[in-house]
Amino acid sequence: MIRYPEGIAFKYPWRKYQQRVLDDLQSHLSDKHLHVVAPPGSGKTVLGLEVAIRINKPTLILAPTLAIRNQWIQRFCDLFLQTDEMPDWISRDIRAPCFMTVVTYQGLHAACNNIRMQESELEEEEETDENDTTRTHNTNLEAIVRGLKAQKIQTIVVDEAHHLKNEWWQTLIKIKESLNPIIVGLTATPPYDVTATEWQRYIALNGPVDAEIAIPELVVEGDLCVHQDMVHFSAATAQENERIVSFRQKIEKLFQEIKGDEALKNALMNHPIWVNPNENLEWIYGNISCYTACLVYLHANAIKIPKIHFEIMGDKDLEVPKLNYTWIENLLDFYLYRDRGRFKSVEEHQAQLESKLRTYGALEKRQINFTYNREVMKGLTSSISKLDAIKDIVDFEYQQMGKELRLVVLSDYIRKEYFISERENQLPLNKLGVIPIFEKLRRENSSGMKIGVLTGSLIIIYKTAYSAFEQHATRAGIRHFDSFVVPFDENYIVIQQNEHLKNVIIHLVTEVFQSGDIEVLIGTKSLLGEGWDAPAINALVLASFVGSFVSSNQMRGRAIRSQIHNPSKTSNIWHLVTIDPTSSTGGVDFELMKRRFKSFVGISFQEEKGIENGVGRLNLPLPILEKEQAIEKNQEMFAYAADRNNLKHKWEEALETGVSLVEEIKIPSLTAKERKVTKSVYFTKTIANFLATLVSGMLGFGFDALKLLYKESRNIKTARDLYLVLTVIGLVGMIVFGRQTYKTFRLYLKYRDIGKDMHKIGNALVQTFIDAQLIRTAPSELKVVTKTDLWGAVFCHLDGGTTFEKSIFIQALQEIIAPIESPRYLIVRKSLLLFFVKQKDYHAVPELIGKNKNLALRFKKNWKANVGRCDLLFTRSLEGRKLVLQSRMLALSAQLDEHAVHVNKWR
């Protein structure tokens, strides 16, 4: 068999965005790759099947889990073959492939390494690094390849390939190289948060992105429901907080000890970079963070820094920063690891210092961190306070929705040790997991909610749901299975799995949940977080703290699917955050939430209606440090969550503001606090934002001064008293704003505002990409678009072109605007202020252009034609490295408090 049987066809009409991909299929496949990015619920599976049928060659389909593997087969049989029976030309065994073979990545890897594995989905109990794998050597790869070649496999569909562990990648790449097939890559969440190397590896497998389908598109089409992300904040428990405070105190003690360490100071002062810097320039410019950390440390110890070092840094008036944890971390990394060979005379001191760092919890696997250690991070991300938060959210949603509630809680681990065989279960709940969450809700279930548990190894249902479960099992042809009453609560029944239930148990419990016989379902993210389909879900609590934004976005996708016969469905997605009052940023859990929200697109809570990504759309005060702040913000979130009727109206209004989700660069403007004061002023320049900040601050200070003057008026008896009060106010104002005024004025004189040139820089970039044939779309179809919002933020994106072309444009533009790292070439942007004040700024030449000298020269030519005067500087020489160092310090991007960010907005 070398062709799909005649007459196979999808039994429903194609959605618009699916049809769009299919219409352009031949052009997409010109490089033997089709790479589609689309959110959960968009019909990627049926699209992948249709593409395989149109290619019409023997097919290998790779899925991340057994559940999703089975879903591919089920969808193909049901929606294309329109039968319940799997034909004999479909195989689930990679060792015995057929015309269509559907297996998991793990199964393929195991077979290629001759590892015999039992089918199991139970990975949720493994508290290990997801990248840890046993190193293997593909000893059986040739045999597997022979089997695939015998079946003439020429199409490989890779579903959610971001899942692959390092060893699995190696196996799959070897399979690809051996077969040279067409690759159909489907994913909801490309791994944007990985390293450049990992991203290149991902693109090497899937090819560049051909089509990207956005969540708002699916809401417009009715394929996803209207939804909103909510954040619930909780404070760490007293015990957790005590551990954090203790860690902070120990770290501060350690910091002070190291700051005054005479042996360390002497070792640094005997190092060649301090004694003979001019003879070590090559090393200094290649390790500038280490060099700078040494200077900062010695300056903190009242050691006068010779002028030669300021000359090397390129600024004789440079102000040496204050020693802090970041500088100490850089210094110790240099002293203990990066240049250990040149400190051989103090090896005993190094060993003592390493031991001290480990004792204090500041060193783990050669990583020095004075802000967090693993225990503190785990204490926040998996804080027991989240159990109370989950209980509050579930009670609130049940109060709002009643019997219509279909709420799912997803956690990382089962924690079976909390399920006991005693008549009472009063175990203290001191870990986060499926059973502790179940116990918390069960013990305090005053509303009579019907609660269930669904994991790979433990299934619990509410007793009234048992008859519904039996009925669904009977329809599936299963008449015999075992169950028993939960020993400590007769209201719940445990379903015991057997060989007959193995492949259908998830489907059966899901049906019971969909029908409402279970209203609150608790499960593991590994089992239910991806590929699981239960459209009735209208509330989701993400109690997971493990994994990247890829997995969190997949979990979120469970709740936003539309539901047939329920067009008014709305969904709330709850994210849990434990605040850290000892951290100026709000803590590691808060930072994790902010990173995750980069991939979440939704309605903005801000006054300007819109759809965008990022945590900024929630209008949160950043950071939240106090418990009172958290309580106030939780109440606000509950108010938003309760207003489900208005949510649909908000989506309709926001959708009217655009037609597509645009990937763009944003040069930030004012902070949320300052917007209210200056929102009536239309600022169009980045530096103008500094002026706006200054003016708004002065206005606020002025109001406070008037209040103080009014308050003190009763004490002012003479003109001298009045002068005294005014003098105090004036002096305070000078102290508060003098430095800021100087900085603002200096920046205004020294730099031409980047906001003025964004459009021109974008045009120079596009022209260079066209010259390099990185962009193949006709120039007449391309347009660089820049916009400015009410508060001065400048946005820029490429209109027209392919998804890949837009993506490389944004990436390159961000490299130009971002703080300088280590580019191969630099562009020096030159201009005049008022025709006589010289201004210049430094920008990195993007990597795609800078890797080729002729391209870099072409970029310079296009820059001159579009932007203005400039110089092109090569940095891979000693003098060039010095220029990189100086440009890092002198570029406007290094002076600004906020840097350009990558955003998605509906426009």
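**A walk through a predicted model**

Let me start with one helix, α26, which spans residues 627-642, has 16 residues and reaches 22 Å from its first C-alpha to its last, close to the 22 Å expected at 1.5 Å a residue. Please keep in mind from the outset that what we are looking at is a predicted model. Which residues of α26 are buried? They are A630, K633, N634, M637, F638 and A641, and because they cover an arc of only 150 degrees around the axis, they sit on the same side of α26. The general background here is that an α-helix has 3.6 residues a turn, so residues three or four places apart point the same way. On the other side of α26, by contrast, E628 and E632 are exposed. As for what covers the buried residues, the list includes the strands β8 and β18 together with the helices α19, residues 385-401, and α27, residues 644-655.

Before going further into the details, let me step back to the whole protein. There are 907 residues, of which 54% count as buried, and the protein contains 36 helices and 27 strands. If we take the contacts with a separation of 6 or more, residues 24 or more positions apart account for 74% of them.

How far can we trust what we see? The mean pLDDT of the protein is 83, and 82% of the residues reach 70 or more. There are, however, stretches that call for caution: over residues 120-134 pLDDT stays under 50, although the model has 28 contacts beyond four places in sequence for them, and over residues 742-751 pLDDT likewise stays under 50, with 31 such contacts in the model. Where pLDDT is low, the predicted coordinates should not be read in detail.

Now let us return to β18, one of the elements that cover the buried side of α26. This strand runs over residues 570-579, and ten of its ten residues are buried. In a regular strand the side chains alternate between the two faces of the sheet. In β18 both faces are covered, with T570, N572, W574, L576 and T578 buried on one side, and S571, I573, H575, V577 and I579 buried on the other. Which strands pair with β18? One of them is β8, residues 226-235, which pairs with β18 in the parallel sense over ten bridges, and here A235 stands opposite I579. Another is β17, residues 539-543, which pairs with β18 in the parallel sense over four bridges, and in this pairing L542 has H575 as its bridge partner.

Let me move to another strand, β5, and the elements around it. Five of the five residues of β5 are buried, so this strand is largely enclosed by the rest of the structure. Here too both faces are covered, with T155, V157 and D159 buried on one side and I156 and V158 buried on the other. Strand β2, residues 59-63, runs parallel to β5 and is joined to β5 by four bridges, with I61 standing opposite V157. Strand β6, residues 182-187, also pairs with β5 in the parallel sense, this time over five bridges, and V158 stands opposite G185.

Within β5, T155 deserves a look of its own. Why does T155 count as buried? The reason is that its relative accessible area is 0%, whereas the cut-off for buried is under 20%. Not counting residues up to four places away in sequence, T155 touches I55, K57, P58, T59, L60, P181, I182 and V184.

One of those contacts, I55, takes us to helix α3, since I55 is among the buried residues of α3. This helix covers residues 44-55, has twelve residues and reaches 16 Å from its first C-alpha to its last, close to the 16 Å expected at 1.5 Å a residue. Eleven of those twelve residues are buried, including K44 and E50. Just after α3, N56 takes a positive phi of about 60 degrees.

I will finish with a single residue, S91, which is found in strand β3, residues 90-91. At 7% relative accessibility, S91 counts as buried. A polar atom of the S91 side chain lies 2.9 Å from the backbone oxygen of A96. Leaving aside neighbours within four places in sequence, S91 is in contact with A96, P97, C98, M100, T101 and V102.

Definitions and conventions. Residues are numbered from 1 along each chain as its sequence is written. This is a predicted model: local features need pLDDT of at least 70, side-chain atom pairs count only at pLDDT 80 or more; totals for chains, interfaces and linings use all residues. Side-chain values use heavy atoms; hydrogens and water are left out. pLDDT is the predictor's confidence in each residue, from 0 to 100. Contact means heavy atoms within 4.5 Å. Buried means under 20% relative accessible area, exposed over 50%, partly exposed in between (1.4 Å probe, protein chains only). Helices (H or I, at least four residues) and strands (E, at least two) are DSSP runs, numbered from the N terminus. Two strands pair if DSSP finds at least two bridges between them. The expected span of a helix is 1.5 Å times one less than its number of residues. The arc is that of the directions from the helix axis to the C-beta atoms. A polar contact is a pair of N or O atoms within 3.5 Å; within protein, one must be able to donate a hydrogen and the other to accept it, and residues adjacent in sequence count only if both atoms are side-chain atoms.
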